[in-house]
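Please look through the sequence and the 3D model below, and then follow the paragraphs that come after them, which go from the sheet to the largest pocket.

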Amino acid sequence: MHAAMSRTTVKPKHVTTTVVQRPPLYKVILLNDDYTPREFVVMVLKAVFRMAEETASRVMLTAHRKGACVIAVFTRDVAETKAQEATELGKAKGYPLFFTTEPEE
Ligand code: TYC
């Protein structure tokens with residue numbers, strides 16, 4: 001230490017703590033219906049959710065057999081936008097294909 005320096009302890013005036021939180025996540029869920037062609041569902045899953053053919057087929061078949069299938073989780077905005085986009089693609093063709101969202105526990 002330099003000879004001219006004092007040994008006084010300086011207490012900080014303010015101490016700031018930053019809390020970082022992860023945004024809540026939302027599931028996108030594919031619902032089965034009796035009219036949308038299987039290949040069309042697979043095409044939408046590939047286009048909107050960037051799924052590979054095999055994954056898209058597996059997800060489509062799960063929804064077909066069980067009534068619904070969780071596709072992926074996103075932040076709320078992304079989940080809602082993708083569910084809407086995917087639902088719109090079916091609607092444009094006159095299909096009742098439906099994607100919904102729900103918060104993850
Ligand atoms: N059940 C439809 C059919 O037999 C195919 C289908 C599968 C539709 C999954 C929607 O989420 C779905 N043509």
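Two strands are said to pair if DSSP finds at least two bridges between them. In this predicted model, strand 1 and strand 3 pair in the antiparallel sense, and their pairing runs over six bridges. To find one such place in the structure, start at Ile 29, whose bridge partner in strand 3 is Thr 100. Strands of a sheet pair through backbone hydrogen bonds, which may join them in either a parallel or an antiparallel way.

The wider arrangement is an open sheet of three strands in the order 2-1-3, with antiparallel pairing. Strand 2 (68-75) and strand 3 (98-103) stand at the edges and each has a single partner strand, so one side of each is left without a neighbour in the sheet. From one strand to the next, the twist averages 30°.

Where in a model is empty space left? Rolling a probe the size of a water molecule over the atoms shows this. Here the largest pocket has a volume of about 150 Å³, and the elements that give two or more residues to its lining are strand 1 (25-31), helix 1 (38-49) and helix 2 (53-66). Helix 2 gives the most to this lining, with three residues.

Which residues line the largest pocket? They are Leu 30, Leu 31, Asn 32, Asp 33, Thr 36, Arg 38, Val 41, Met 60, Ala 63, His 64 and Leu 97. Sorted by character, the residues of this lining divide into six nonpolar, three polar and two charged.

Definitions and conventions: Residues are numbered from 1 along each chain as its sequence is written. This is a predicted model: local features need pLDDT of at least 70, side-chain atom pairs count only at pLDDT 80 or more; totals for chains, interfaces and linings use all residues. Side-chain values use heavy atoms; hydrogens and water are left out. On a 1 Å grid over the protein atoms alone, a cavity is a set of points where a 1.4 Å probe fits but cannot get out, and a pocket is an open set with protein on both sides within 12 Å along at least five of seven lines; lining residues have an atom within 4 Å of a point. Grid points are joined across faces, edges and corners, and a volume is the space filled by probe spheres set on the points. Helices (H or I, at least four residues) and strands (E, at least two) are DSSP runs, numbered from the N terminus. Ala, Val, Leu, Ile, Met, Phe, Trp, Tyr, Cys and Pro count as nonpolar, Asp, Glu, Lys and Arg as charged, and the others, Gly among them, as polar. Axes are lines fitted to C-alpha atoms, for helices over the stretch in contact, and angles run from 0 to 180 degrees between N-to-C directions.
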